[in-house]
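Here is a short set of exercises to work through with the model open beside you. Try each task before reading its solution.

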Amino acid sequence: MIKIGVAGAAGKMGSRITALSADYAGLKLAGAFERNGHKDIGKDVGPLTGAGETGILLSEGIREIINNVDVIIDFSSIESTKANLKEASANKTAMVIGTTGFTKEDLAEIGPYLKEIPCVMASNMSLGVNLLFKVLQDVARVLGDDYDIEIVEAHHRLKKDAPSGTALKMAQVIAGAVGRDLDEVGVYARHGIIGARTKKEIGIQTVRAGDIVGEHTVLFGGLGERIEITHRASSRDTFARGALKAALWLAGKPAGLYDMQDVLGLK
Ligand code: NAD
């Protein structure tokens, strides 16, 4: 039985991970924590997340639970995940990280800690999107430079980072497949007299509205035809279940950084 601890357990993702953990026979919810001063500290996390009583009380910070868990599942915020990773690394506790929006500087800072523990980190934990990462590479490779590549993503109004980590990962895998450097060809905004589209640019556009869980369309536009590949998440449960699968998969793995392609056997 693998004991999990959930970071940001009162948040949109953390609460679904906490509630759904009961469905997995190999997992046991052993801890849940929130930021200092959260209004629900000390309450049973079951009713807080829409499930029955669990006997697990919401803790204040990672230190109260780190010694009682095998894997921390963290969908919180960049600063919080960086701090939690440092604690987990010092304790040799495995992690599943779903937080998005890390800059190159953030990744350079956390790189050494990520190597100390078994860790699955992925900007999107759904099976559908991870399958698409694979499919998009093939499509881009076949179509090559003759088709314009545009990515449009839409998320709920509260999402903090843009474009989404998933849209960026899609852009990276496509750029890799057609031999381009995303830092050079990524176009994140267009306004005014912008002139003709350059052949190699990859457009990545962001929509923020209402309660959209997450939508990504990749458009390959040629002369006389276009291909659109769309993924729509209708519930956060797809990401939560992916994270719980990742926690199960991590059991017994050597220290190192893994992604959902590893977990789902897509490599
Ligand atoms: P949210 O704001 O609803 O939840 C974040 C929670 O973390 C909040 O309850 C907040 O109080 C808590 N938190 C903040 N600091 C903390 C700390 N120091 N210790 C413990 N808890 C702390 O956000 P959300 O929609 O659940 O998303 C969280 C993250 O997950 C975002 O980065 C989002 O982009 C990402 N996300 C990833 C995937 C994926 O599949 N990888 C899917 C959805 C969302």
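**Exercise 1. Find what lies under the charged end of lysine 169, and look for a similar arrangement at lysine 253.**

Solution. Start with lysine 169: its charged end sits over the ring of phenylalanine 133, 4.6 Å from the ring centre. A charge counts as over a ring if NZ of Lys or CZ of Arg is within 6 Å of the ring centre and within 35 degrees of the ring normal. Next, go to lysine 253, which lies over the face of tryptophan 249 at 4.4 Å from the ring centre. A word on the source: this is a predicted model, in which local features need pLDDT of at least 70 and side-chain atom pairs count only at pLDDT 80 or more, while totals for chains, interfaces and linings use all residues. Residues are numbered from 1 along each chain as its sequence is written, and side-chain values use heavy atoms, with hydrogens and water left out.

**Exercise 2. Classify the aromatic pair in the structure.**

Solution. The structure holds one such pair. Its ring centres, in tryptophan 249 and tyrosine 258, are 5.1 Å apart and the planes meet at 80°, so the pair is edge-to-face. The cut-offs are these: rings of Phe, Tyr and Trp (its six-membered ring) pair if their centres lie within 6.5 Å, and planes under 30 degrees apart count as stacked, over 60 as edge-to-face and the rest as tilted. Finally, check the cover: tyrosine 258 has a relative accessible area of 16% and is buried (under 20%; exposed is over 50%, partly exposed in between, with a 1.4 Å probe and protein chains only).

**Exercise 3. Describe the surroundings of phenylalanine 33.**

Solution. First place the residue: phenylalanine 33 is in strand β2, residues 27–34 (strands are DSSP runs of E, at least two residues, and helices runs of H or I, at least four, numbered from the N terminus). Its relative accessibility is 3%, so phenylalanine 33 counts as buried. Now list partners beyond four places in sequence: among them are Val6, Leu58, Gly61, Ile65 and Asn84 (contact means heavy atoms within 4.5 Å). For Gly61, the C-alpha atoms are 5.6 Å apart, although 28 residues separate the two in sequence.

**Exercise 4. Is asparagine 130 buried or exposed?**

Solution. Locate asparagine 130 in helix α5, residues 127–143. Its relative accessible area is 2%, so asparagine 130 is buried. Its contacts, leaving out residues up to four places away, include Asn124, Met260 and Leu266.
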